[in-house]
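Grab a pencil and work through these exercises with the 3D view open. Try each task yourself before you read its solution.

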Amino acid sequence: MSHHTTLITGATQGMGRGLALDLAARGGTVLLHGRDRARLDAVADEVRAAAPGATVRTYLADLADLDQVRAMAAEIRAAEPRLDALINNAVAGGGSDPLRRELSRQGHELRFAVNHLAPYALVRGLLPLLTASAPARVVNVASIGQETIDFDNVMLERDYEGLRAYCRSKLALIMATFELAEELAGTGVTVNTLHPAHLMDTNGVREYGLTPATGVEEGVRPTVRLVTDPELAGVTGRYFDRFTDTRAHEQAYDADARARLMELTRALLA
């Protein structure tokens, strides 16, 4: 890993911070994303102190604003000579007030925007750098919590509930993972997704009112494996429940539903 560069979104707390510390300890360059400059700088200082042999750089963007996502991708393309791995880890959870429907900067339902549209836009924006650095890996952090997407109510303008929005957005992320993997076959860029661990001790879990069941380190290990394990070179378009290659929600394998999702996604990102 000493020559690898990895970008981690949502690196200022929870599993993102854990991923940053783990990967920095392996050497190479770690790019940390956050939306709060003070927290981002604090984590960068912590990672540098823990792993003085690593190179750490930071990128600021609010993933609830697609313009900022695109600007960050452009900034990374201009500044970084290579990108070997992208971990889309940032997340909008169920929320502290689950019945309050929130919107992104562009007016999209917030969980759908942050958990699906933003990572898809970021991959798109960074594809020139990823393909030029191939073999490269994209890891999308999803969840075992998945719920069928209702294409007549994608933005949950009816029957809104935060955890429902979260579960649908994570299924959208998984479906987009499978689509990207098919599209990028043969380019040397692999795209996989996983449920890292059950109810990790994170702010999102606590804000929703759930009781954490595992530490963030339990999610760090299977996520890092998808980035570093040589046995997974060339493995793409897969969903993992921690370390196990398994099946996601059935809708993720519905070609018509995936095509419909991608048509909507492209329209929203246009």
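**Exercise 1. Describe the second largest cavity: its volume, its lining and the helices that build it.**

Solution. Start with the volume: the second largest cavity holds about 40 Å³. Keep in mind that you're looking at a predicted model. Next, list the lining: Asn-88, Pro-119, Tyr-120, Val-123, Asn-140, Leu-173, Ala-176, Thr-177 and Leu-180. Then sort these residues by class, and you get six nonpolar, three polar and no charged ones. Finally, look for the helices. Helix 4 and helix 5 each bring at least two residues to this lining, and helix 5 gives the most, with four.

**Exercise 2. Now do the same for the largest cavity, and find out which helix gives the most to its lining.**

Solution. The structure has two cavities of 30 Å³ or more, and the largest one contains about 50 Å³ of space. Around it sit Thr-9, Leu-63, Asn-88, Asn-89, Ala-90, Val-114, Asn-115, Pro-119, Val-141, Lys-170 and Leu-173. By class, that's six nonpolar, four polar and one charged. Helix 4 and helix 5 each supply at least two of the lining residues. The top contributor is helix 4, with three residues.

**Exercise 3. Is Asn-115 buried or exposed, and which side chain does its own side chain touch in a polar contact?**

Solution. First place the residue: Asn-115 belongs to helix 4. Its relative accessibility is 2%. The cut-off for buried is under 20%, so Asn-115 counts as buried. Now check its polar partners. The side chain of Asn-115 makes a polar contact of 3.0 Å with the side chain of Ser-169. A polar atom of the Asn-115 side chain also lies 2.8 Å from the backbone nitrogen of Ala-92. Asn-115 is also one of the residues lining the largest cavity.

**Exercise 4. Find the backbone oddities at Pro-135, Leu-156 and Arg-242.**

Solution. Begin with the background: most residues other than glycine have a negative phi, and most peptide bonds are trans. Now go to Pro-135, in the loop between helix 4 and strand 5. The bond joining Ala-134 to Pro-135 is cis, with omega at about 5°.

Leu-156 is in the loop between strand 5 and helix 5, and its phi is positive, about 50°. Arg-242 has a positive phi too, about 55°, and lies in the loop between strand 7 and strand 8. What about their surroundings? Leu-156 is buried, at 1% relative accessible area, whereas Arg-242 is partly exposed, at 23%.

**Exercise 5. Which residues line the second largest pocket, and how do they divide by class?**

Solution. The volume of this pocket is about 170 Å³. Its lining consists of His-4, Asp-84, Ala-85, Pro-135, Ala-136, Arg-137, Gly-188, Thr-190, Val-227, Thr-228, Ala-233 and Gly-234. So the proline from the cis bond shows up again here. Strand 5 and helix 7 each provide at least two lining residues. The class count is five nonpolar, five polar and two charged.

**Exercise 6. Follow the chain from strand 2 to strand 3, and give the handedness of the crossover.**

Solution. Strand 2 (residues 29–34) and strand 3 (residues 55–60) run parallel and are joined by six bridges. For an example pair, take Val-30, whose bridge partner in strand 3 is Val-56. Between the two strands the chain passes through helix 2 (residues 37–50), and this β-α-β crossover is right-handed.

Definitions and conventions:
Residues numbered from 1 in each chain as written. Predicted model: local features only at pLDDT ≥ 70, side-chain atom pairs only at ≥ 80, totals over all residues. Heavy atoms only, no water. 1 Å grid on protein atoms, 1.4 Å probe; cavity = no way out; pocket = protein on both sides within 12 Å on 5 of 7 lines; lining within 4 Å. Points joined across faces, edges and corners; volume = space filled by probe spheres on them. Nonpolar A, V, L, I, M, F, W, Y, C, P; charged D, E, K, R; others polar. Buried < 20%, exposed > 50% of the residue type's maximum accessible area, 1.4 Å probe, protein only. Pairing = 2+ DSSP bridges. Right-handed = clockwise from strand over helix to strand, strands pointing away. Polar contact = N/O pair within 3.5 Å; in protein donor to acceptor, adjacent residues only side chain to side chain.
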